[in-house]
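Here's a walk through one protein chain and its ligand, from the domains down to a few single residues. Have the viewer open and follow along.

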Amino acid sequence: MTAGLEVLFQEVHDATGMEFLGGRAAVAESRIRERMSLLELSDCSSYRDRLKADRSELASLVEALAVNETFFFRHPIQFETLGNELLPKIIKPGRTLRIWSAGCANGCEPYSIVIACLEAMKMLGHFAFEVIASDLDTQALAEARRAEYGERAVTQEMPSVLRDRYFETLSDDRWRPIDAVRRPVSFSNINLVADPYPLLCDVVFCRNVLYYFSPAARSQVIRRIRGRYLFLSPTESLSGFETLFQSVDLKACLYESR
Ligand SMILES: C[S@@+](CC[C@H](N)C(=O)[O-])C[C@H]1O[C@@H](n2cnc3c(N)ncnc32)[C@H](O)[C@@H]1O
């Protein structure tokens, strides 16, 4: 890798926590070069100057580099654990439950959380809850607010009975979550390595986000999360942070803060 490119990777790391190792370096390089060619800049140092002078270019680059892969009920066991084990333990009459989806991409995760809560109400009765959904990628957040999804997002893991119950059909291959699923979710633009976090969350979903971070950025985020319970993805772990979180359910990658 050239020194110029390394400097650009460092810029992106400082702004987002993301690092590009192994196969991801080549993908990141080609995305950076696409941005440079769009701006008709041929060398990395001019592009670095541009990034420093124009923060919106940094945002565009971050959007180009972010991995937004997601779908409804990704890692289904986590939504079963939320509905069947965690919610019965933590809901309290008269109190609004706060759930944070950190790194929500195009919204499949926060809307899946709402569906899991609505399904749990059949067993537990009505309870008040809100879902705060955040991402640093403003384009992904715009898609999340628009809330229109193609076949892959709704069929990959979500049982068809839930699609029929909680989605309206827009066309042969487009679906939108119904009002009752969209209403409890508020979206905001939060960069996990730079911005303040929502306070007093009962449950935090931070899945498939820290996997792309450097160890230092990952550690910074885990230390700042103020949730009572935390779901990570199966590719992530909290080893090394045992003084902050203890494992509650290894299969569901669920942790409780100490
Ligand atoms: C692979 S998606 C995960 C989506 C969802 N959580 C899931 O598990 O399906 C990763 C998301 O993390 C976001 N992300 C990356 N760096 C971030 C940062 N520093 N702050 C907030 N979000 C970030 C990306 O924009 C992307 O939307």
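Domain bounds here come from an automatic or database domain assignment. Keep in mind, too, that this is a predicted model.

**Domains and ligand**

The assignment splits the chain into domain 1 (3–65) and domain 2 (76–257). Their C-alpha centres sit 29 Å apart. The contact between them is built from eight residues of domain 1 and 12 residues of domain 2. On the domain 1 side, the elements that supply two or more residues are α1 (3–16) and α4 (55–65), and α4 has the largest share, with three residues. Sort that side by class and you get three nonpolar, three polar and two charged residues.

Which domains does the ligand shell draw on? Both domain 1 and domain 2 give at least three residues each. There are 24 residues around the ligand, and Ala 66, Thr 70, Gly 103, Ala 105 and Leu 192 come nearest. By class, the shell holds 10 nonpolar, eight polar and six charged residues.

**The sheet and its helices**

Now for the sheet: it is open, has seven strands with mixed pairing, and runs in the order β5-β2-β1-β6-β7-β9-β8. At the edges are β5 (185–189) and β8 (245–249), each of which pairs on one side only. On average, neighbouring strands are turned by 25 degrees against each other, ignoring direction.

Zoom in on β1 (residues 97–102) and β2 (residues 129–135): they run parallel and are joined by six bridges. Along this pair, Ile 99 faces Val 131 in β2, and Ser 101 is opposite Ala 133 in β2. As for β2 itself, six of its seven residues are buried, so the strand is mostly covered.

Two helices are worth picking out here. Helix α6 (residues 108–124) packs on the sheet and touches β1, β2, β5 and β6 (201–205); the direction of α6 makes about 165 degrees with that of β2. Helix α7 (residues 138–146) lies across β2 and β5, and runs at about 165 degrees to β5.

**Three loop residues**

Let's finish in the loops. Ala 147 sits in the one between α7 and α8 (151–155), while Asn 208 is in the loop between β6 and α11. Leu 210 is likewise found between β6 and α11 (215–224). Here are their neighbour counts:

| Residue | C-beta neighbours within 10 Å | Class |
|---|---|---|
| Ala 147 | 18 C-beta atoms | partly exposed |
| Asn 208 | 21 C-beta atoms | buried |
| Leu 210 | 24 C-beta atoms | buried |

Why does Asn 208 count as buried? Because the cut-off for buried is 20 or more other C-beta atoms within 10 Å, and Asn 208 has 21 C-beta neighbours inside that distance. Ala 147, with 18, is partly exposed because its count falls between the limits of 12 or fewer for exposed and 20 or more for buried.

The backbone is worth a look as well. Phi of Ala 147 is positive, near 60 degrees, in a residue other than glycine. Asn 208 is not a glycine either, yet has a positive phi of about 60 degrees.

Leu 210 has some partners to check. Leaving out residues up to four places away in sequence, Leu 210 touches Arg 218, Val 221 and Glu 236. The C-alpha atoms of Leu 210 and Gly 17 are separated by 8.5 Å, with the two residues 193 residues apart along the chain.

Technical notes
Residues are numbered from 1 along each chain as its sequence is written. This is a predicted model: local features need pLDDT of at least 70, side-chain atom pairs count only at pLDDT 80 or more; totals for chains, interfaces and linings use all residues. A residue is near a molecule or strand if its C-beta atom, placed from the backbone, lies within 6 Å of it. Ala, Val, Leu, Ile, Met, Phe, Trp, Tyr, Cys and Pro count as nonpolar, Asp, Glu, Lys and Arg as charged, and the others, Gly among them, as polar. Two residues are in contact if their C-beta atoms, placed from the backbone, lie within 7 Å. Helices (H or I, at least four residues) and strands (E, at least two) are DSSP runs, numbered from the N terminus. Two strands pair if DSSP finds at least two bridges between them. Axes are lines fitted to C-alpha atoms, for helices over the stretch in contact, and angles run from 0 to 180 degrees between N-to-C directions.
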